[in-house]
Amino acid sequence: MDPDRNEEEEATGSLMDFQTSHIDDVLNEKLEEAFHKQTSQVLVHDVAKIASEHDPIDLAYAVTRLPPTFRVIVYDNLPDLQAKIIFMINTGSNTRTAIFRQIDDKEIESIIEHMPPDEAVWILDDLSNRRLKRVLDLLDPKKAGRIRELMKHDRNSAGRLMTNEFFAFNMNATIGEVATTIRDNPGIDLTRRIFVLNDMGELVGYVPGRNLIINPPYVPLKQVMRPVLHTVRPEDSRDEVVDIVERYKVPALPVVNESDVLLGVITYEDVVDVMEDIADETIASMAGTAEVVSEHEPVFRRFLWRAPWLVVTLCAGFITATVMASFQGEIWFSFVPFFVPLIAGMSGNVGIQCSTILVRAMSTGELSYRSRREAVGKELGIGLLIGLVFGSVCAIIVYMLNIYGFHQVKSDPFVIVLTVSSGLIGACMTATLLGTLSPFFFARFRIDPAVASGPIVTAFNDVIATIMYIFVAWVVYTLFA
């Protein structure tokens, strides 16, 4: 066996074989085996055993590979209510929808009643409006009011991410009083930061949870509090929240209104979930599909997710073919088609590099409004340098191939070399310009800039680069032939 190949396979396997993915595979294998039992009694017994032996979080991920009807059976056999709550929080929207179809409003109410409001909001998004109203009517009025308050905000806003269950005290309250209140409210998990308010109810500071332990109980909060340096408004976007938390490593980000009144808190865990969602959406936009690989979906449905984007590529190919066919028979066009793959391949990669670099800088907040012009100038400079260097290399290679007879083209070698090299430079510059400006164009209309790296722009880039190359070929022939 080839040792180099063996090492490569091991390296590839190590990238794919994470501990969590291995757990998913093992669980999925056990569940599939259980669901292929001959009798329903054996099936339920085996599924219940699997559900009791494994973490509900792992089960929540593993069931996404199963048909919807099997997911409901796994949910029904979870050992207790707490396990069902954890399962529902961590599983996907399709799984929750399938489960909601099979359980009654009272069971949904019992799950939501024992769930933090911010988590409950995301769960309830999978219900129809009519059923949502029925479930909220069953809830404790205080709990239902908090959920309704969060649901008023836009889905991708800070107001939707925040939880309105937190601890906030007047600055004159003592540590002993704070500790007593926390002990009397075990259902509120957010204790890493205790927020401090003035007599007007405005947010003025916070106290780390550790200070409640190391300081005497008679010490007032105003003596040990720290200033709050970063806050957001409920209407701020989730991208702005991620940017602040990621840069300043804020474990609990306060959400305030125009009067600095504390409305809620966004935890670091919620931000991590949002970052995963943004990453998934960005990759989907770049790939030109919104399908979820882990979900159990028919092949035809996956085809429907991808097909609309690929239709654009198909149309672009027909446009390119039509343009090239219109010049068929022209003397100067005799050698042009041979180098179209080279031009399209180089320009496509150059354009994707430019757009990807800028999209990444925009998503991470590295590219400010004032630095955009400088970034565009740098990318255009890099595109010109790439075109000149690779155009020169291409010219040398094409000339040598003609000299040694590898290219049997009945045209002046000088014209061929000048056409291909100049066409490559022009195509690279066109691709750089398109790849640089398209992210800003989409962002201007509030469209995800990652679309700039997707099939639509890539196909458009191929058409423009080919037309540029053909135009250069015509100009060179007109001047030098």
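**Exercise 1. Work out which residues of helix α5 are buried, and where they sit around its axis.**

Start with the ground rules: this is a predicted model, where local features need pLDDT of at least 70, side-chain atom pairs count only at pLDDT 80 or more, and totals for chains, interfaces and linings use all residues. Residues are numbered from 1 along each chain as its sequence is written, and side-chain values use heavy atoms, leaving out hydrogens and water.

Step 1. Find the helix: α5 covers residues 68-76. Helices (H or I, at least four residues) and strands (E, at least two) are DSSP runs, numbered from the N terminus.

Step 2. Pick out the buried positions, with buried meaning under 20% relative accessible area, exposed over 50%, and partly exposed in between (1.4 Å probe, protein chains only). In α5, that gives Arg71, Val72, Val74 and Tyr75.

Step 3. Look down the axis. The buried residues of α5 fall within an arc of 160 degrees, so they line one face of the helix; the arc is that of the directions from the helix axis to the C-beta atoms. As background, an α-helix has 3.6 residues a turn, so residues three or four places apart point the same way.

**Exercise 2. Describe how strand β4 is covered and what it pairs with.**

Step 1. Check burial along the strand. Five of the five residues of β4 (residues 252-256) are buried, so the strand is largely enclosed by the rest of the structure.

Step 2. Split the strand by face. Ala252, Pro254 and Val256 sit on one side, Leu253 and Val255 on the other, and all are buried.

Step 3. Find the partner. β4 runs antiparallel to β5 (residues 262-267), and five bridges join the two; strands pair if DSSP finds at least two bridges between them. Opposite Leu253 you'll find Ile266 of β5.

Step 4. Follow the chain round the turn. β4 and β5 make a hairpin with five residues between them. In that turn, Asp260 has a positive phi, near 65 degrees, despite not being a glycine. Asp260 is partly exposed, at 38% relative accessible area.

Step 5. Now go to the other end of β4. Lys249, in the loop between α16 (238-248) and β4, also isn't a glycine and has a positive phi of about 55 degrees. Lys249 is exposed, with a relative accessible area of 55%.

**Exercise 3. Lay out the sheet that contains β1, β2 and β3.**

Step 1. Get the order: the three strands form an open sheet, β1-β2-β3, with mixed pairing.

Step 2. Name the edges. They're β1 (168-170) and β3 (203-208), each pairing on one side only.

Step 3. Look at one pair in detail. β1 and β2 (residues 193-197) run parallel and are joined by three bridges, with Phe169 opposite Val196 in β2.

**Exercise 4. Place Ser157 and list its contacts beyond its sequence neighbours.**

Step 1. Locate Ser157: it's in the loop between α11 (141-151) and α12 (158-161).

Step 2. Check its accessibility. Ser157 has a value of 4%, so it counts as buried.

Step 3. List the contacts (heavy atoms within 4.5 Å). Setting aside neighbours within four places in sequence, Ser157 touches Pro234, Glu235, Asp236, Ser237 and Arg238.
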